[in-house]
Amino acid sequence: MNVIFTNSLTDKQLQDIKFLEALCNKADILSLGLFTEPELNEYPDMPCFFMIYDDENAGLLAFLSMFVPGDGTAEVSACTHPKHRQKGLFHTLYKKAREIATEFDIDSMIFATSPTQQTAFNILTKYGAKLENTEYLLQYENLGKYVTLSNPTIPHASGITDDSIKSGNPYKLLPAAPDELVIHTDIFAAAFGYPYEAANEYIGDILSSGSDVKIFSFIDTATGNTIGCCFTAISDMQVMPFGICIHPDFQGQKLGQYMMSLLLNNYLFQYGKPILLQVSGSNENALHIYRKLGFKTASQVDYFRIDVV
């Protein structure tokens, strides 16, 4: 076996990695994405790619990469050829990667797996890894069916439309005006606990990305104040709401449910595309809301942490 560790990839190596990635995804029924962009790492000179090639020209047998964003952690992605598993290949790469992580004062390594990867789970457990978090990809399965839910002010709100808003509903969801971005940034920062500057940079990156992103304002009609906001990315294949938040001063009143019902019924259903959203398992309130609205788990990723020092 030929073990290689480097901070850059040749075109041939990148081609081999993509082939191995596709092979493993098919075998494990996954959509695994391997990190292959070293310019994103905090330490450009750090070896972050680890490979094992077969001496008899069988190609790339195993690959491991480390993404180091600069917060003292290394996010690890790896895969092993389905026909060459349980031969210690992953252990060989992991051992070398851990040595490199120690040299660069990295505190911990984060591994992403899915519930279908029982072998990976067993290996990580053997290494003393602890579950850090779970992220879910949720999908709304009843396209075109209006959301029905209870609201503290409007009991059993069903099929909420602009006409029902005009009839006296106390909240409305409208496309945001450009001059409202400062308000959205304030709400986003307060709701997610970000510094204002970080929230402003995040929203700015979204708007300058070139993607088709819609921004909505959730308004208290009694005062005219915006008390929540949400974003939606529109692509050819899907609709993906994100950044869904209510200002902390107005949380705990089921307003998040009501805002999401307006977003679905008034705006997202019209696209006739799958509606997907990502949510962290640590955000139990959001998970409860989305599942109550009719979202189901499409996939999940479990993140395990191993302390290096």
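I'll talk through the aromatic rings in this structure and the charges that sit over two of them.

Quick housekeeping: this is a predicted model, so local features need pLDDT of at least 70 and side-chain atom pairs pLDDT 80 or more, while totals for chains, interfaces and linings use all residues. Numbering starts from 1 along each chain as its sequence is written, and side-chain values use heavy atoms, with hydrogens and water left out.

Okay, pairs. Searching the whole structure turns up 24 aromatic pairs. By that I mean Phe, Tyr or Trp rings (for Trp, the six-membered one) with centres within 6.5 Å; planes under 30 degrees apart are stacked, over 60 edge-to-face, the rest tilted.

Take Tyr140 and Phe295: edge-to-face, 5.3 Å between centres, planes at 65°. Tyr140 is in strand E6 (residues 130-140) and Phe295 in strand E14 (residues 295-307), 155 residues apart. Strands here are DSSP runs of at least two residues, helices (H or I) of at least four, numbered from the N terminus. Tyr140 is buried at 3% relative accessible area, and Phe295 is buried at 1%. Buried is under 20%, exposed over 50%, partly exposed in between, with a 1.4 Å probe and protein chains only.

Next, Tyr171 and Tyr258: centres 6.1 Å apart, planes at 70°, so edge-to-face again. Tyr171 is in strand E9 (residues 171-175) and Tyr258 in helix H7 (residues 255-266), so this pair ties together parts 87 residues apart in sequence.

Finally, charges over rings, meaning Lys NZ or Arg CZ within 6 Å of the ring centre and within 35 degrees of the normal. Lys96 sits over Phe5, 4.3 Å from the ring centre, and Arg291 over Tyr136, at 5.2 Å.
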